[in-house]
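Colleague: I'd like to go through this one with you and ask where the labels come from. Can we put it on the screen first?

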Amino acid sequence: MVLLGESYGGYLAGLFAAEYIFRKIIAISAFTSIAYQELFSSERSWLKDYLSENALDFYTLCRDNKVNTRTIFINGSRDSRVPYQQFLALPFMKKFKVNILPGFTHRESGTMLEYVVSLIKQEL
């Protein structure tokens, strides 16, 4: 089974990387670091209102070497809600892959959305 999540759903999907439930996780426009989001994202205001101080994130799982499920991130280079630079802070691990799409934003439509869907289909 493959778990797919977008935006906040992608963040939540990434938390399952520590488990052995899914064959693969695909996270689209998902944030990996709560701390990075609070500092640099336009979405920082709701993070403080909705997430616990003790909430985990994908960055924490990587840092603690707890990523057990292949995880693929798809993010746009022009995504201001979830800046792609968050991936630069992740320690390199073979268990995840990052696809930064030049010129793409947080949510796409038309041919750009079709391209994202084609990437997802390749991973299935």
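Colleague: Where is Ser 29 found?

Modeller: Ser 29 sits in the loop between E2 and H2. Before we go on, this is a predicted model, so local features need pLDDT of at least 70 and side-chain atom pairs count only at pLDDT 80 or more, while totals for chains, interfaces and linings use all residues. Residues are numbered from 1 along each chain as its sequence is written, and side-chain values use heavy atoms, with hydrogens and water left out.

Colleague: What makes something a helix or a strand here?

Modeller: Both are DSSP runs: a helix is H or I over at least four residues, a strand is E over at least two, and numbering starts at the N terminus. That gives the protein five helices and four strands, in the order β-α-β-α-α-α-β-β-α from the N terminus on.

Colleague: Back to the loop: why is Ser 29 called buried?

Modeller: Its relative accessible area is 3%, and buried means under 20% (exposed is over 50%, partly exposed lies in between, with a 1.4 Å probe and protein chains only). At 3%, Ser 29 therefore counts as buried. Its backbone is worth a look too: phi is positive, about 50 degrees, although Ser 29 is not a glycine.

Colleague: Which value does phi of Ser 7 have?

Modeller: Near 60 degrees, again positive in a residue other than glycine. Ser 7 lies in the loop between E1 and helix H1 (8–15). With a relative accessibility of 15%, Ser 7 counts as buried.

Colleague: And what makes Thr 32 buried?

Modeller: Its relative accessible area is 0%, so Thr 32 falls under the cut-off and is buried. Thr 32 is in the loop between strand E2 (24–28) and helix H2 (34–40). Contact means heavy atoms within 4.5 Å, and by that rule Thr 32 touches Asp 57, Phe 58, Tyr 59, Phe 73, Gln 86, Phe 87 and Leu 90, not counting residues up to four places away in sequence.

Colleague: Why does Tyr 36 get the label buried?

Modeller: Tyr 36 comes in at 17% relative accessible area, so the label is buried. Tyr 36 belongs to helix H2 and touches Ser 41, Pro 83, Gln 85 and Gln 86, leaving out residues up to four places away in sequence.

Colleague: Why is Glu 6 called partly exposed?

Modeller: Glu 6 has 37% relative accessibility, so it counts as partly exposed. Glu 6 is in strand E1 (residues 2–6). Apart from residues up to four places away in sequence, Glu 6 touches Ile 28, His 106 and Arg 107.

Colleague: Glu 6 brings me to the largest pocket. What makes a set of grid points a pocket?

Modeller: On a 1 Å grid over the protein atoms alone, a pocket is an open set with protein on both sides within 12 Å along at least five of seven lines; in a cavity, a 1.4 Å probe fits but cannot get out. Grid points are joined across faces, edges and corners, and the volume is the space filled by probe spheres set on them. The largest pocket holds about 160 Å³. Lining residues have an atom within 4 Å of a point; there are 16, and Glu 6, Ile 28, His 106, Glu 108 and Val 116 lie nearest the centre.

Colleague: Which element supplies the largest share of that lining?

Modeller: H5, with four residues. Strand E3 (70–76) and helix H5 (110–123) each supply at least two. The lining divides into eight nonpolar, five polar and three charged residues (nonpolar: Ala, Val, Leu, Ile, Met, Phe, Trp, Tyr, Cys and Pro; charged: Asp, Glu, Lys and Arg; polar: the others, Gly among them).

Colleague: How do you know that the radius of gyration agrees with a compact globule?

Modeller: The radius is taken over C-alpha atoms, and the globule rule is 2.2 Å times the number of residues to the power 0.38. For 124 residues that rule gives a value near 14 Å, and the protein has 14 Å, so the two agree. Of those 124 residues, 44% count as buried.
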